[in-house]
Every structure is written in C-alpha cells, then in structure tokens.
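Colleague: I'm new to this one. Can you walk me through a few spots?
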Amino acid sequence: MKALTWHGQGDVRVDTHPDPEIQEPTDVVIRVTSTAICGSDLHLFDGFMPSMEPGDIIGHEPMGVVEEVGSGVTNLKKGDRVVVPFTISCGHCWFCEQTMYSLCDTSNPNAEMAREAMGHSPAGLFGFSHMLGGFAGGQAEYLRVPHADVGPIVVPDGMTDEQVLFLSDIFPTGYQAAENAEIEGGDTVAVWGCGPVGQFAIQSAWMMGAGRVIAIDREPERLRMAKENSKAEVVNFEEIDGPVHKHLIDMTDGRGPDRCIDAVGAEAHAANDAKALVDQAAQAVHLQSDRGYALQQAIMACRKGGTISVPGVYAKTLTLPFGAAMNKGVTFKMGQTHVQRYLEPLMKKIQDGDIDPSFIITHTAPLDDAPEMYETFRDKKDDCIKVVLKP
Ligand code: NAD
Ligand code: ZN
C-alpha cells in the first residue's frame, strides 16, 4: 500500500509499505477513505517530538471502511464505515473504566520508555512517537486498528466523511479543552491559536455558555474564520502594542479572562526556545514580550482564581511564570483527549445540526500530494487551515 512516512525534520514521503494485517484478535483493518493532517503532525514535521524513526507511517485522524475483522471483535463487521479515534484504549483498565481513555494503562507497548521519560505511560496513539507506542498511522491506504471494539464509531447512513471525520480528534479536542476550562455561564474565554483545535474550542465554549470569547493569532485568514464563523472577538498579536496579557486584561476591565485555553502548544514554545538560546535572561524577556509562549501569556492574563486549559501539545520542559500562577490561584487542566468519551455525544450534535465540522476544511488532496500539503499547512500557504487527504 501507499503510506506517508516520516524521514526527519521537514521530510515526509509517500512510500510503499506492506498492507497491515490482523495481529491480535481484537484488531480490525480499515481501508482509509479520508484522513486529515493535524497540528500535532506538524510537531513531528518540525522535529519537536522525540523517539521518531525514519520510515514511520504518520497520521492519526482517519476514517474508512472495515475490511478485515479479528476473531475477538464483536462491535464491528466487514463493510462498516467508521471514524477512528487517535487514542488507542483497551476499554477495561482502571483508567478506561473512568473514561480517561487517553491515559489507558495497557495500550502502549513501549510503556517502559514512557515511564522512563514521564514517570507513567499514557495510552498508545496512532502515528506518533515510539514513546507512545510507535503504532503505524492513518495517512495511508490501510490501517490496523487495535482494540477495535473500544475506539471506532460506526457512521450513521447519509453522513459524509467531511461531516464526521473530525470526531477522530480535533472536534473532541476542542470540546474537551472547553470542558477542562470549567466554563460557567457568562464567562469570558480567551483562546490562543485559531487553528483547527482553536476553532473547535471557540465553538465549544459557546456551547457551554460562554458570554464572550476572545481569540488570539496572527494569521489573518484564521482570525477571519474565528470572527465570522466561530463568532469570537479577535486579537492579532502582531498588531497590538505591548504584551498580549495586558491587552486582554484591558479588554476585560482589568479582571482578565475567566478561562484561558492554549490551543497552540509546541509551535509557540519552539519560537521562544530559539530566543532563549540568545538571551540567558529568557524568563524576564518572555514576560515582557508580546510574543512569549501562549502558555506564559495565558498565565499572566488569566483572572485570579481562573482556569487554564491546555490542549496544545508540549513535549519538553518549559519555562513558566509559576509564581504568578500560584499567587493568582489558577487551576490548570490539560491532556491528550479522551476521544472515546465524546464520540457519541458529539456525533449527536452533528446529526442534530448543532454544528457542521466540515467548515474547517480548506484543502482536499490525494495522498500522493501529502508532502506538499504538509508544507502548505505548516506555512499557512494559500490560506490553509485544514487539509483532508483522500488515499
Ligand atoms: P495549528 O498549528 O494549525 O494551529 C496553531 C495556531 O496557533 C496557528 O494558527 C498559529 O498561527 C497560532 N499561534 C502560534 N503561536 C501563537 C501565539 N503565541 N499566540 C497565539 N496563536 C499562536 O494546530 P492545531 O491543529 O489547531 O492544533 C493546535 C494544538 O493542539 C497543537 O499543539 C496540537 O498538537 C494540539 N492538539 C492536541 C490534541 C490533544 O489531544 N490535546 C489533539 C489535537 C491537537
Ligand atoms: Zn490530531
């Protein structure tokens, strides 16, 4: 089969690989019909993620048709059309029983490597670092899906790939980000990053009763979508005077946003890393800068006693104004998304017409064009916001 493989920073290629086969009785194999490129894939493309190996098949936002079914699978049959969550979860460990699927205790075959780096092992993920399982990803013609009774959701008749594909990751991720922000009716919510995750976080914040949503980015087309489609007030951080957090505090009559969501992650961190190298007084610089990490800005902006939710993915140790966070009594919530928890309720919202997630798609391309599409998405060329590949 054809598959998109990682070969190092800025180097992804469409290669030929053996078709995946059933390895465990609980597996299925799907023929992938649509598969998206995620901001998390950009962290791989940018070389920020540890423990990748040349030739790894990447991609974790797939859907398709079940072609082969392991002998132990009871919920799926050949021919079912399914969306596959990016989190691989066994469904029966202590964490899965608490619906903390992205923290599954058993699905990561490289748990020891994860424990060495993090103290514990989170769930395995498709198409991500070997520390999180090294599972072949879904930007490919076929995908082996472990624990197939727990993850994939069958798509009701009459719904297009484009309507349901983002249940695999970014819609639940934006939704969990808003839930983690502990939004109460009338709250002012600030969202850093107007990429796909930020857009779904904004829309979810409204669903949870936000009174005001302020979105921060520098990409005009993404800010336009945040404003016109997702109905947020927008701040272009390159066009304001002074630090972002001061601007937000001014916009909220001195109080600061009640809830802050960092939907940027390692991208902003990396920009600052380079800066830190040339300035040993990095922390002071970050705090005065209008460009610090989104997470630093969120801590400085958040109202006293507010909540900071972090869907943005980080892989390294960060410098944070933790004293400010402590003295202001903020709450942090974060993590990879427990996708399985949200599949049914969010599918229902799509069916009921509360939201049509396809608004986010700006580019559709064949798998062969994936290397070019990675550059287009990373560099926001051609106003790119979300790419769907059709293997
Ligand atoms: P994306 O790269 O398309 O969007 C990131 C946006 O942040 C861009 O529009 C960029 O211009 C903007 N940005 C960069 N620096 C900024 C700053 N300092 N302030 C404000 N905006 C800034 O990515 P995405 O697909 O929307 O994903 C966003 C983040 O969510 C990534 O870190 C991704 O890895 C993460 N993610 C997490 C999960 C999860 O389970 N928690 C799932 C999917 C994605
Ligand atoms: Zn993703």
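Colleague: What is the handedness of the crossing of α5 and α6?
Modeller: The crossing of α5 and α6 is right-handed, where right-handed is clockwise and left-handed is anticlockwise, taken as the turn of the near helix from the far one by less than a right angle. This is a predicted model, in which local features need pLDDT of at least 70, side-chain atom pairs count only at pLDDT 80 or more, and totals for chains, interfaces and linings use all residues. Residues are numbered from 1 along each chain as its sequence is written, and chains are lettered from A and ligands numbered from 1 in the order in which they are written.

Colleague: At what angle do α5 and α6 pack?
Modeller: About 55 degrees, with the axes of α5 (residues 170-180) and α6 (residues 196-207) 7 Å apart. That makes α5 oblique to α6; under 35 degrees is roughly parallel, over 145 roughly antiparallel, 65 to 115 roughly perpendicular and the rest oblique.

Colleague: New topic. Where is H247, and is H247 buried or partly exposed?
Modeller: H247 sits in helix α8 (residues 244-251). H247 is partly exposed because 19 other C-beta atoms lie within 10 Å; 20 or more would be buried and 12 or fewer exposed, with C-beta atoms placed from the backbone.

Colleague: And how far is H247 from K304?
Modeller: Their C-alpha atoms are separated by 16 Å, and the two are 57 residues apart along the chain.

Colleague: What about β15: which residues point which way?
Modeller: From β15 (residues 307-310), T307 and S309 point one way and I308 and V310 the other way, and all are buried.

Definitions and conventions:
Axes fitted to C-alpha atoms, helices over the stretch in contact; angles between N-to-C directions. Helix = DSSP H or I, 4+ residues; strand = E, 2+ residues; numbered from the N terminus.
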